[in-house]
Amino acid sequence: MLDACAQLVDEVGYDGLTTTLLAERAGVAIGSVYQFFPDKRAIVQALTLRNLEAYLHRLVDRMEQEEAADWWGAVDAAIDEYIAMHRSVPGFRTLHFGDIVDVHLLDDERDNNAVIAGRLAALLRERYEINGERVDFVLGIAVEAADSLIKMAFRRQSDGDPEILAEAKTLIRDYLHRHVTVGQ
């Protein structure tokens, strides 16, 4: 059902998505949809959570494959994987991490980008000795900026305007370099 939801969101958008349309696309009875999901928001929420876990899994895999010696490689990988998901994961480009539905789709207390920033901060702290009193705040700003610029790049060109994407990486690196210290 989540795969069908992702395809439909790309085709008809969130507003055009209905549980009936989803049931038809997934080849299940409407009762089966309601057995697992009370409404279309819940379906999209499940898809968004799946995308978040896929994003973090892809990021960890990439960091392990590349054996990033420093956290700058991890920051680049985080941006690159977000861009790659925009290009390749059905429904992701439309939903991102759920902001078109509800800025609190991932968590009732924090907005979606704050959830992403928190998960990235935990991942970076786990692998690198990142210091600073305001690391979570700074990473939150970086996630907001990167998210906005990447969305802009994909509005300008269907595969992402490479000039804007390059500027996004430069901006984030420069910002983080000024505000985050890493112990070696």
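Trainee: What radius of gyration would a compact globule with 184 residues have, and what does the protein have?

Mentor: A compact globule of 184 residues would have a radius of gyration near 16 Å. The protein has 18 Å, which agrees. Keep in mind that this is a predicted model. The C-alpha atoms fill a box of roughly 55 × 30 × 30 Å along the principal axes.

Trainee: What makes up the fold, and in what order?

Mentor: There are nine helices and two strands. From the N terminus on, they run α-α-α-α-α-α-α-β-α-α-β. Of the contacts with a separation of 6 or more, 63% join residues 24 or more positions apart.

Trainee: Why is K151 called buried?

Mentor: Buried means under 20% relative accessible area. K151 has 16%, so K151 counts as buried. K151 is found in helix α8. Leaving aside neighbours within four places in sequence, K151 is in contact with Y82, H96 and D99.

Trainee: How many of the residues of the protein count as buried?

Mentor: Of the 184 residues, 44% count as buried.

Trainee: Which residues touch the most other members of the largest nonpolar core?

Mentor: They are Y55, L59, W71, F97, L120, I150 and L176, out of 43 residues in that core. The elements giving two or more residues to this core are α4, α5, α7, α8 and α9. Helix α5 gives the most, with 10 residues. In soluble globular proteins, nonpolar side chains tend to be buried together.

Trainee: What is F97 in contact with, leaving aside neighbours within four places in sequence?

Mentor: The partners of F97 include T48, N51, L52, Y55, Y82 and F92. Apart from the largest core lies another core, of 19 residues. Among its members are A6, A42, L47 and L105.

Trainee: How do you know that R58 and E81 meet in a salt bridge?

Mentor: The cut-off is 4 Å from a side-chain nitrogen to a carboxyl oxygen. For R58 and E81, the N to O distance is 2.8 Å. That is within the cut-off, so the pair is a salt bridge. R58 is in helix α4 and E81 in helix α5, 23 residues apart. A search of the whole structure finds 14 salt bridges.

Trainee: Are R58 and E81 buried or partly exposed, and what makes them so?

Mentor: R58 has 26% relative accessibility, so R58 counts as partly exposed. E81 has 10%, so E81 is buried.

Trainee: What does the salt bridge of D80 and R62 tie together?

Mentor: The side chains of D80 and R62 meet at 2.9 Å, N to O. D80 lies in helix α5 and R62 in helix α4, so the pair ties together parts 18 residues apart in sequence. D80 has 21% relative accessibility and counts as partly exposed. R62 has 19%, under the 20% cut-off, so R62 counts as buried.

Trainee: What is the distance in the salt bridge of E81 with R62?

Mentor: The closest N and O atoms of E81 and R62 are 3.4 Å apart. Salt bridges that share partners join R58, R62, D80, E81 and K169 into one network.

Trainee: Why does D161 have no salt bridge with R156?

Mentor: R156 is the nearest side chain of opposite charge, and it is 5.2 Å away. A salt bridge needs atoms within 4 Å, so this pair does not qualify. D161 is buried all the same. D161 sits in the loop between α8 and α9. A polar atom of the D161 side chain lies 2.8 Å from the backbone nitrogen of E163.

Terms used
Residues are numbered from 1 along each chain as its sequence is written. This is a predicted model: local features need pLDDT of at least 70, side-chain atom pairs count only at pLDDT 80 or more; totals for chains, interfaces and linings use all residues. Side-chain values use heavy atoms; hydrogens and water are left out. Helices (H or I, at least four residues) and strands (E, at least two) are DSSP runs, numbered from the N terminus. Buried means under 20% relative accessible area, exposed over 50%, partly exposed in between (1.4 Å probe, protein chains only). Lys and Arg count as positive and Asp and Glu as negative; His and the chain ends are not counted. A polar contact is a pair of N or O atoms within 3.5 Å; within protein, one must be able to donate a hydrogen and the other to accept it, and residues adjacent in sequence count only if both atoms are side-chain atoms. A nonpolar core is a set of buried Ala, Val, Leu, Ile, Met, Phe, Trp, Tyr and Cys residues joined through side-chain atoms within 4.5 Å. Contact means heavy atoms within 4.5 Å. The radius of gyration is taken over C-alpha atoms; the globule rule is 2.2 Å times the number of residues to the power 0.38.
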